[in-house]
Amino acid sequence: MTSVPLVDLAAQHAAVAAEIAEGWRQVLAQTSFIAGPQVAAFESEYAAFAGARHCVGVANGTDAIEIALRALRVGPGDECILPANTFIATAEAVCRAGATPVLVDCADDGTYLLDAGAVGAALTPRTRAIIPVHLYGQAAPVELLLPLAERAGAWVVEDAAQSQGARRGGNGAGVLGHVAATSFYPGKNLGAYGDAGAAITDSGELAERMRMIADHGTRRKYDHEVIGFNSRMDTLQAVVLSAKLRRLARWNADRQEAARRYDQLLEDVSEVVRPRVLAGNEHVWHLYVVRVPERDRVLKELHAAGIGAGIHYPVPVHLSPAFAGLGYADGAFPVAERAAREVLSLPLFPQITPAQQEHVVAALTAALRA
Ligand SMILES: *Cc1c(COP(=O)(O)O)cnc(C)c1O
């Protein structure tokens, strides 16, 4: 029986192994393990790739969101609107910055992206940020959020952790709002060999403030303006990210081809609700997420058959014990709650083969019809 992993980082490493070995040899010789010249090089490469003027490398994506909020002076007493169906980090960063998450449901259109109408209804005089999440690899409709933000005097802070290389209306996901945070967690479309993240923006002033906050609140050594973070990118990670960035467009195209193949293979499997691409989007397929009946039983059978399917995410933010204090009831966000019960992520990575995908769909069909 062949098994198919959810992601195959070994296959990806093989493509860049020699380049990384040489880059790491240089870092070990120069011993500038933090903020070495390779970090600045990656920052400018990533800014160019994303179409932003500035990129600030930090320790992880969660910090990037919090640092962006703090740099915008969003904090205690302020509200930040974000979708209920996201990875927990989006909400954590808001709370850690001292602000209050205000959750909204996602649109009931098969995209799982936040519902701009619900955002409009959730605005209050305290709203200081709207945080769209470019979930699964496609951009949220930021153009609908910008006028709402402007009316409220709020910022649009994109959570672009899952959307490196995605575009909306020709613009990169991550430069649609005022500032964007991204994550280079190993399994992301652009993944480090450990934790790393970045914030990108066109504003030089904001970039400088984020860099200051990320480095103990200093612009000059021992001149601490604010209580900051120790959140910097390791030089070793920058080497990995630069090597992989050179292949990212190719790898995203391979993901798109694999998604098209799943679409075809699943066309006649009537039990499966396939993912939908929002008009105007170029999707980069961080995840290929379907909805199925009896999801938990189906997942178990896929695992038993050696298929590394996953769930992103099984519990929406408001039903997570950590966020019980926000006071939302079970039933508050029906679309997000149904998604949490029914979503299933199928194996998807740039090097997945047609035979592997056929095997996944055969196992899925067998599980559904068992
Ligand atoms: C991965 C992820 C994050 C957090 O990134 P880390 O680097 O793991 O801190 C934030 N938001 C979303 C939507 C993510 O998928």
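In this predicted model, a polar side-chain atom of Q162 is placed 2.8 Å from an oxygen atom of the ligand. S183 and K188 also bring polar side-chain atoms to ligand oxygen atoms, at 2.6 Å and 3.1 Å respectively. The three pairs are set out below.

| Residue (polar side-chain atom) | Ligand atom | Distance |
|---|---|---|
| Q162 | oxygen | 2.8 Å |
| S183 | oxygen | 2.6 Å |
| K188 | oxygen | 3.1 Å |

The ligand taken alone exposes 380 Å², and the protein buries 93% of that area.

**Shell around the ligand**

The ligand is surrounded by 14 residues, and the closest of these are G61, T62, D159, S183 and K188. By class, the shell comprises 5 nonpolar, 7 polar and 2 charged residues. Two helices, α3 (61–71) and α4 (89–96), each contribute at least two residues to the shell.

**The enclosing pocket**

The site of the ligand is the largest pocket, whose volume is about 510 Å³. Its lining consists of 30 residues, and those nearest the centre of the pocket are F87, S183, Y185, K188 and Y313. S183 and K188 thus appear both among the residues closest to the ligand and among those nearest the pocket centre.

Nonpolar residues account for 15 members of the pocket lining, with 11 polar and 4 charged residues making up the others. At least two lining residues come from each of α3, α4 and the strand β8 (179–183). The helices α3 and α4 therefore serve both the ligand shell and the pocket lining, under the assignment of helices as DSSP runs.

Terms used
Residues are numbered from 1 along each chain as its sequence is written. This is a predicted model: local features need pLDDT of at least 70, side-chain atom pairs count only at pLDDT 80 or more; totals for chains, interfaces and linings use all residues. Side-chain values use heavy atoms; hydrogens and water are left out. A residue is near a molecule or strand if one of its heavy atoms lies within 4 Å of it. A polar contact is a pair of N or O atoms within 3.5 Å; within protein, one must be able to donate a hydrogen and the other to accept it, and residues adjacent in sequence count only if both atoms are side-chain atoms. Accessible areas come from the Shrake-Rupley method with a 1.4 Å probe; for residues, only the protein chains shown count as cover. On a 1 Å grid over the protein atoms alone, a cavity is a set of points where a 1.4 Å probe fits but cannot get out, and a pocket is an open set with protein on both sides within 12 Å along at least five of seven lines; lining residues have an atom within 4 Å of a point. A molecule sits in a cavity or pocket if more than half of its atoms lie within 2 Å of its grid points. Helices (H or I, at least four residues) and strands (E, at least two) are DSSP runs, numbered from the N terminus. Ala, Val, Leu, Ile, Met, Phe, Trp, Tyr, Cys and Pro count as nonpolar, Asp, Glu, Lys and Arg as charged, and the others, Gly among them, as polar. Grid points are joined across faces, edges and corners, and a volume is the space filled by probe spheres set on the points.
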